[in-house]
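Visitor: Please pick one spot in this protein and take me through it closely. Then show me what lies around it.

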Amino acid sequence: MPPPLLSVVAAAMCALPAFAAPPTVLTTSPEHGRAGVDAQRTPQIIARFDQPMRTGSHSWVGGGAMFPKLSGQQHWLDPQTAALPVSLEPDHDYVLSLNGGRYHNFRSARGEPLEPYQLAFSTRALPTTTEHNRAALDTLRDAITHHY
């Protein structure tokens, strides 16, 4: 006697591969679209994902003058957080992507690729000597007035 139709359908569905939701970027540091990033206090670009990732691969994509200069090897802070050591310049625009073009190595632990994610930000200009001195003097006056 043939199996009931419901059993055949259930067996067929179990044989299909399970597809996981592709990962997404939860946050980046610097944030996308951020202006006035302090180049001297930003030693790395960080991307946090919504799920564990394959920590053996990555695709930081871009090039030319708008791609940050690397100061070390990309690494993972934990299975959901990638870090790219950089040396940023003041008063500069930056654009890069996580995955893009033919590079799709940011993947979830289950193998689903991240949809390309563009990250753009700009750094602020260094203060002039006069501005820097004025700010230092204001800080000193405040310290003397309130703490001594």
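Guide: Start at L88. Setting aside neighbours within four places in sequence, L88 is in contact with A39, T42, P68, Y94, F121 and T123. Contact here means heavy atoms within 4.5 Å. This is a predicted model: local features need pLDDT of at least 70, side-chain atom pairs count only at pLDDT 80 or more, and totals for chains, interfaces and linings use all residues. Residues are numbered from 1 along each chain as its sequence is written, and side-chain values use heavy atoms, with hydrogens and water left out.

Where is L88 in the chain? It sits in the loop between strand 6 and strand 7. Strands (E, at least two residues) are DSSP runs, numbered from the N terminus. L88 counts as buried because its relative accessible area is 10%. The cut-offs are simple: buried is under 20% relative accessible area, exposed is over 50%, and partly exposed is in between, using a 1.4 Å probe and protein chains only. Now look at Q44. Q44 and L88 are 44 residues apart in sequence, yet their C-alpha atoms are 8.8 Å apart in space.

Stay in this loop. D91 is also in the loop between strand 6 and strand 7. Its phi is near 55 degrees, a positive value in a residue other than glycine. D91 is exposed, at 60% relative accessibility.

E89 brings in charge. Side chains of opposite charge can pair when their charged atoms come close. K69 forms a salt bridge with E89, and their closest N and O atoms are 2.4 Å apart. A salt bridge is a side-chain nitrogen of Lys or Arg within 4 Å of a carboxyl oxygen of Asp or Glu. This pair links distant parts of the chain: K69 is in strand 4 (residues 69–70), E89 is in the loop between strand 6 and strand 7, and they are 20 residues apart. E89 is partly exposed, with a relative accessible area of 29%. The structure holds four salt bridges. Another one joins the side chains of R41 and D38, at 3.6 Å from N to O. R41 is exposed at 70% relative accessible area, while D38 is buried at 17%.

Next, follow the chain into strand 7. Strands of a sheet pair through backbone hydrogen bonds, either parallel or antiparallel. Strand 7 belongs to an open sheet of three strands, in the order 3-7-8, with antiparallel pairing. Its edge strands are strand 3 (60–61) and strand 8, each pairing on one side only. Two strands pair if DSSP finds at least two bridges between them. Strand 3 and strand 7 are joined by two bridges. In one pairing, V61 has S97 of strand 7 as its bridge partner. Past strand 7 comes N99, in the loop between strand 7 and strand 8. N99 is buried, with a relative accessible area of 0%.

Finally, the interior. A nonpolar core is a set of buried Ala, Val, Leu, Ile, Met, Phe, Trp, Tyr and Cys residues joined through side-chain atoms within 4.5 Å. The largest one has 21 residues, and I45, F49, W60, L96, L98, F106 and F121 touch the most other members. Strand 2 (44–49), strand 6 (81–87), strand 7 (93–98) and strand 8 (117–122) each supply at least two residues of this core. F121 takes us back to the start, as one of the contacts of L88.

Conventions
Helices (H or I, at least four residues) and strands (E, at least two) are DSSP runs, numbered from the N terminus.
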